[in-house]
Amino acid sequence: QVRFVESGGGLVQPGGSLRLSCAASGVMLSQTSIVWYRQFLGKKQREWVARISLEGEPYYINSVKGRFTISRDNTANTMYLQMDALKPDDTAIYYCNIAPNRAWGPGTQVTVSS
C-alpha cells in the first residue's frame, strides 16, 4: 500500500522559508515521477506546484519558479520542497504524490502571513 506523510509546514512571515518533507512507503520514489501539489482554502482542486519527471527533470509552475526547489533523497525514500521568498499567495495545504496519483496523505499546512 502506497502512503505519503507530509511534514514541515507552519506559519511564516512573507519573505521567509520553509522546507517540506514527504516520507513515502510502498513505492520507490527513485523509480517514479514525484509531484508536490497544493490546495487553497475553499478550493476542491489541488494544483501541481513542482515535479520531477521520470527522466529526472524538475518542472515548476510559473508562480513559484526561482523560489521553490523540489528534490528527493533516494536512500531515505523522501521528497522535499524547499520554499524560499514565500508570499501570502502561497498559503495552502501542501501534498505530495506520484504520477499517476495514489492515495493522498494528510498534507501539511503552510501559512504565509505577517
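Tutor: Let's start in the loop between β8 and β9, where you'll find A85. Bear in mind that the model is predicted.

Student: OK, what makes the phi of A85 worth a look?

Tutor: A85 has a positive phi, about 50°, and it isn't a glycine. Most residues other than glycine have a negative phi.

Student: And why is A85 called partly exposed?

Tutor: Its relative accessibility is 36%. Buried needs under 20% and exposed needs over 50%, with partly exposed in between. So at 36%, A85 counts as partly exposed.

Student: Which loop holds N77, and what is the sign of its phi?

Tutor: N77 sits in the loop between β7 and β8. Its phi is positive, about 55°, and N77 is not a glycine.

Student: Is N77 buried or exposed, and how do you know?

Tutor: Buried: N77 comes in at 16% relative accessibility, and the cut-off for buried is under 20%.

Student: Then why does K43 get the label it has?

Tutor: K43 is at 54%, and exposed means over 50%, so K43 counts as exposed. You'll find K43 in the loop between β4 (33-39) and β5 (47-52). The C-alpha atoms of K43 and A92 are 9.9 Å apart, although 49 residues separate the two along the chain.

Student: How do you know whether N97 is buried or exposed?

Tutor: Its relative accessible area is 0%, and buried means under 20%, so N97 is buried. N97 belongs to strand β9 (residues 92-99). Leaving out residues up to four places away in sequence, N97 touches several others, among them F4, Y37, M79 and W104.

Student: What makes the link from N97 to R102 a polar contact?

Tutor: The side chain of N97 reaches the backbone nitrogen of R102 at 2.8 Å, and the cut-off is a pair of N or O atoms within 3.5 Å.

Student: What about the peptide bond from A99 to P100?

Tutor: That one is cis, with omega near 0°. Most peptide bonds are trans. P100 itself lies in the loop between β9 and β10 (108-112).

Student: Let's finish with the sheet. Why are β1 and β7 edge strands?

Tutor: The sheet is open, with four antiparallel strands in the order β1-β3-β8-β7. β1 (3-7) and β7 (68-73) each have a single partner strand, so one side of each has no neighbour in the sheet. From one strand to the next, the twist averages 15°.

Student: And how do you know that β3 and β8 pair?

Tutor: Six bridges join β3 (residues 18-25) to β8 (residues 78-83), and pairing takes at least two. The two strands run antiparallel, and C22 stands opposite M79 in β8.

Notes. Residues are numbered from 1 along each chain as its sequence is written. This is a predicted model: local features need pLDDT of at least 70, side-chain atom pairs count only at pLDDT 80 or more; totals for chains, interfaces and linings use all residues. Side-chain values use heavy atoms; hydrogens and water are left out. Axes are lines fitted to C-alpha atoms, for helices over the stretch in contact, and angles run from 0 to 180 degrees between N-to-C directions. Buried means under 20% relative accessible area, exposed over 50%, partly exposed in between (1.4 Å probe, protein chains only). A polar contact is a pair of N or O atoms within 3.5 Å; within protein, one must be able to donate a hydrogen and the other to accept it, and residues adjacent in sequence count only if both atoms are side-chain atoms. Contact means heavy atoms within 4.5 Å.
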